[in-house]
Amino acid sequence: GLCHVFIQHTSASLTLNENADPNVRHDMETFSNHYIPENEEYFLHIIEGSDDMPAHIKSSLFGADVMIPITNGSLALGTWQGVWLGEHRDRGGNRNLIITLQGDAYA
């Protein structure tokens, strides 16, 4: 079967990555903030703050959905993999996910 997860927001993202060592999350955030910094004078879309446009860029780069195989009723993630919800705003609000499951039904 398949599990499709979609986030209904343009300033947050979903991605698969290593989920055992918290340093990976720290390093990903440090990397993305270095290459997509806030407070850049060339950003015109700053209606909701200096983190607004950088959040949209990060969301587009990381993506709004993930698809994961289901095997024997469980997500078939690799040993170290996890689904990350990337919050790209300094003070993000509530986030909505749509999760669709297909197949792998058994009695």
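These are my notebook entries on one chain, taken from a predicted model.

**Overview**

I started with the secondary structure, and the chain comes to two helices and six strands. Reading along the sequence, I get the pattern β-β-α-α-β-β-β-β. I then looked up the extent: along the principal axes, the C-alpha atoms fill a box of roughly 60 × 25 × 20 Å. The chain has 107 residues, and 26% of them count as buried. For the accessible surface I have about 7200 Å², with 53% of that belonging to carbon and sulfur atoms. I also checked contacts with a separation of 6 or more: residues 24 or more positions apart account for 79% of them.

**The open sheet**

Which strands form the open sheet, and in what order? I found four, running β4-β3-β1-β6, with antiparallel pairing. The edges are β4 (74–75) and β6, each with a single partner strand, so one side of each is left without a neighbour in the sheet. I looked at the β4 edge in detail. β3 and β4 pair in the antiparallel sense over two bridges. I noted one residue pair there: I70 has L75 in β4 as its bridge partner.

The loop between β3 and β4 holds N72. Its phi is positive, about 50°, although N72 is not a glycine. Is N72 buried or exposed? It counts as exposed, because its relative accessibility is 64% and the cut-off for exposed is over 50%.

**β2 and β5**

Next I went to the other pairing on my list. β2 and β5 are antiparallel too, and they pair over seven bridges. L16 has V83 in β5 as its bridge partner.

I then walked along β5 (residues 81–87) to see where the side chains go. They alternate: G82, W84 and G86 point to one face and are buried. Q81, V83, L85 and E87 point to the other face and are not buried. That fits what I expect, since in a regular strand the side chains alternate between the two faces of the sheet.

**The nonpolar core**

Which residues make up the largest nonpolar core? I count eight residues in it: C3, V5, I7, A12, L14, V66, I68 and I70. The elements giving two or more residues to this core are β1 (2–7), β2 (12–18) and β3 (65–71). As a general reminder to myself, nonpolar side chains tend to be buried together in soluble globular proteins.

I picked C3 from the core and listed what it touches. Leaving out residues up to four places away in sequence, C3 touches V66, M67, I68, I70, L75, I99, T100 and L101.

**A nonpolar patch on the surface**

I also searched the outside for nonpolar area. L85, L97, I99 and L101 make a surface patch of about 390 Å². Which strand gives the largest share of the nonpolar patch? That is β6 (residues 97–102), with three residues. I had already noted β6 as an edge strand of the open sheet, and L85 as one of the β5 residues that are not buried. I99 and L101 had also come up among the residues that C3 touches.

I checked L97 on its own. L97 lies in β6, and at 40% relative accessibility it counts as partly exposed.

**The helices and the loop between them**

Between α1 (22–35) and α2 (52–62) there is a loop that contains N39. N39 is another residue other than glycine with a positive phi, near 65°. N39 is exposed, with a relative accessible area of 62%.

In α2, I found D52, P54, A55, H56, K58 and S59 buried. What covers the buried residues of α2 includes β2 and α1.

I followed S59, which is in α2. Why does S59 count as buried? Its relative accessible area is 8%, and the cut-off for buried is under 20%. Not counting residues up to four places away in sequence, S59 touches H9, T10, S11, A12, S13, A64 and H88. A12 is one of the residues of the nonpolar core above.

Last entry: just after α2, G63 takes a positive phi of about 105°.

Key:
Residues are numbered from 1 along each chain as its sequence is written. This is a predicted model: local features need pLDDT of at least 70, side-chain atom pairs count only at pLDDT 80 or more; totals for chains, interfaces and linings use all residues. Side-chain values use heavy atoms; hydrogens and water are left out. A nonpolar core is a set of buried Ala, Val, Leu, Ile, Met, Phe, Trp, Tyr and Cys residues joined through side-chain atoms within 4.5 Å. Buried means under 20% relative accessible area, exposed over 50%, partly exposed in between (1.4 Å probe, protein chains only). Contact means heavy atoms within 4.5 Å. Patches are made of residues with over 30% relative accessible area and no salt bridge: like charges are joined within 9 Å, nonpolar side chains (Val, Leu, Ile, Met, Phe, Trp, Tyr) within 5 Å. Accessible areas come from the Shrake-Rupley method with a 1.4 Å probe; for residues, only the protein chains shown count as cover. A salt bridge is a side-chain nitrogen of Lys or Arg within 4 Å of a carboxyl oxygen of Asp or Glu. Two strands pair if DSSP finds at least two bridges between them.
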